[in-house]
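Work through these short exercises with the structure open beside you. Try each task before reading its solution.

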Amino acid sequence: MFSIDVVAFGKISEYLPESFELKIDTQDESITINQALKMIATHYPTAVQALDKCACAIEDKIVTRKDTISKSDQLVLLSPVAGG
């Protein structure tokens, strides 16, 4: 078991706390970003649509949902932006 810090920016923070700790109950040392997002959706079902559209970063590096996150990493959730 380990935990990661999750930080939400933009529209997604309307559905999630701006910052929270996600406890991961696994024997593995890491999980995929996609697995972490599914766990977040379990705790915050109203955020599912926003989670489907958000970009993800570990610390300050944009990552894909196939990338892994491990103990003491910070998962950053970024809402899509539009502009012109």
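**Exercise 1. Long-range contacts**

Task: Among contacts between residues at least 6 apart in sequence, what percentage join residues at least 24 apart?

Solution: This is a predicted model. Start with the contacts between residues at least 6 apart in sequence. Then pick out those that join residues at least 24 apart. They make up 55%.

**Exercise 2. Order of elements**

Task: How many helices and strands does the protein have, and in what pattern do they follow along the sequence?

Solution: Count by type. There are two helices and seven strands. Now read along the sequence. The pattern is β-β-β-α-α-β-β-β-β.

**Exercise 3. Overall size**

Task: What radius of gyration would a compact globule of 84 residues have, and what does the protein have?

Solution: Take the globule value. For 84 residues it is near 12 Å. Take the protein's value. It is 12 Å, so the two agree. Next, look at the box along the principal axes. The C-alpha atoms fill roughly 45 × 25 × 20 Å.

**Exercise 4. Inside and surface**

Task: What percentage of the residues count as buried, and how much area does the protein expose?

Solution: Of the 84 residues, 37% count as buried. The exposed area is about 5,400 Å². Carbon and sulfur atoms supply 50% of that area.

**Exercise 5. One residue**

Task: Where is Thr 26, and is Thr 26 buried or exposed?

Solution: Locate Thr 26. It sits in the loop between β2 (19-24) and β3 (30-32). Apply the cut-off: buried means under 20% relative accessible area. Thr 26 has 16%, so it is buried. Finally, leave aside neighbours within four places in sequence. Thr 26 is then in contact with Met 1, Phe 2 and Ile 31.

How values were computed. Residues numbered from 1 in each chain as written. Predicted model: local features only at pLDDT ≥ 70, side-chain atom pairs only at ≥ 80, totals over all residues. Heavy atoms only, no water. Helix = DSSP H or I, 4+ residues; strand = E, 2+ residues; numbered from the N terminus. Rg over C-alpha atoms; globule rule 2.2 N^0.38 Å. Buried < 20%, exposed > 50% of the residue type's maximum accessible area, 1.4 Å probe, protein only. Contact = heavy atoms within 4.5 Å. Areas by Shrake-Rupley, 256 points an atom, 1.4 Å probe, with all protein chains shown as cover.
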